[in-house]
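Thank you all for coming; I would like to take a few minutes on where the charged side chains sit in this model, and I will begin once everyone has the view in front of them.

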Amino acid sequence: MAVAIRLSRGGSKKRPYYRIVVADVRAPRDGKYIERIGHYQPQLPKDSEDRVKVDVERAKHWLAVGAQPTDRVARFLDAAGLLERKARNNPNKAKPGEKATERAEEKAEKAAAAEEAAKEAAAAPAEEAPAEEAAPTEEAPAEEAKAEEAAPEATEEKAEG
């Protein structure tokens, strides 16, 4: 006979209360069980001591006999220090889809291009810095004169249009 340690629901509508029970796997969820070894009250705060109570000695006994806990009960037993939960491993589910991988590749390419541009920009000004410092003092009046000449032309075009 296969035995499971699982939850059996009680309580009223929208006010759940669960018993942690040892039952035959063929029995219905809220049906006949072999032994009650604890309870779980999800309505209580997570830090409350009364939220989950497990009879540790009976749980050890049933695990030694070969009872298989459900995922939720395995969490409770792991928190009590009775059982090490197995890591859930589904590598294909964790892989991103096609579009997400394309977006990630594009983002990586853009980041690499920006990084290269930053390196080039950092290297180039260091070599040309003295020439650039002297040039703006001479060119600044010339640029201002060009801007003044372009401004009247722009106003004439607006008047015509």
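Let me start with Glu98, which belongs to helix α4, the element that covers residues 98–160, and please keep in mind throughout that this is a predicted model. Glu98 has a relative accessible area of 65%, so this residue counts as exposed. On the surface, Glu98 joins Glu102, Glu105, Glu106 and Glu109 in a patch of negative charge.

From the patch I turn to the salt bridges, of which the structure holds five, and I will go through some of them.

In one of them, Asp24 is paired with Arg26, and the closest N and O atoms are 2.9 Å apart. What interests me here is the setting of each partner: Asp24 is buried, because its relative accessibility is 15% and the limit for buried is under 20%, whereas Arg26 is exposed, with a relative accessible area of 67%.

Another salt bridge brings together the side chains of Arg29 and Asp30, with an N to O distance of 2.8 Å. Asp30 is partly exposed, its relative accessible area being 42%.

A further salt bridge links Lys53 with Asp50 through their side chains, and here the N to O distance is 3.8 Å, which falls within the 4 Å that the definition of a salt bridge allows. As for how far these two partners are covered, Lys53 is partly exposed at a relative accessible area of 36%, and Asp50 is likewise partly exposed, at 43%.

Note on methods: Residues numbered from 1 in each chain as written. Predicted model: local features only at pLDDT ≥ 70, side-chain atom pairs only at ≥ 80, totals over all residues. Heavy atoms only, no water. Patch = residues over 30% accessible without salt bridge, like charges linked within 9 Å, V, L, I, M, F, W, Y side chains within 5 Å. Areas by Shrake-Rupley, 256 points an atom, 1.4 Å probe, with all protein chains shown as cover. Lys, Arg positive; Asp, Glu negative; His and termini not counted. Charge placed at Lys NZ, Arg CZ, Asp CG, Glu CD. Helix = DSSP H or I, 4+ residues; strand = E, 2+ residues; numbered from the N terminus. Buried < 20%, exposed > 50% of the residue type's maximum accessible area, 1.4 Å probe, protein only.
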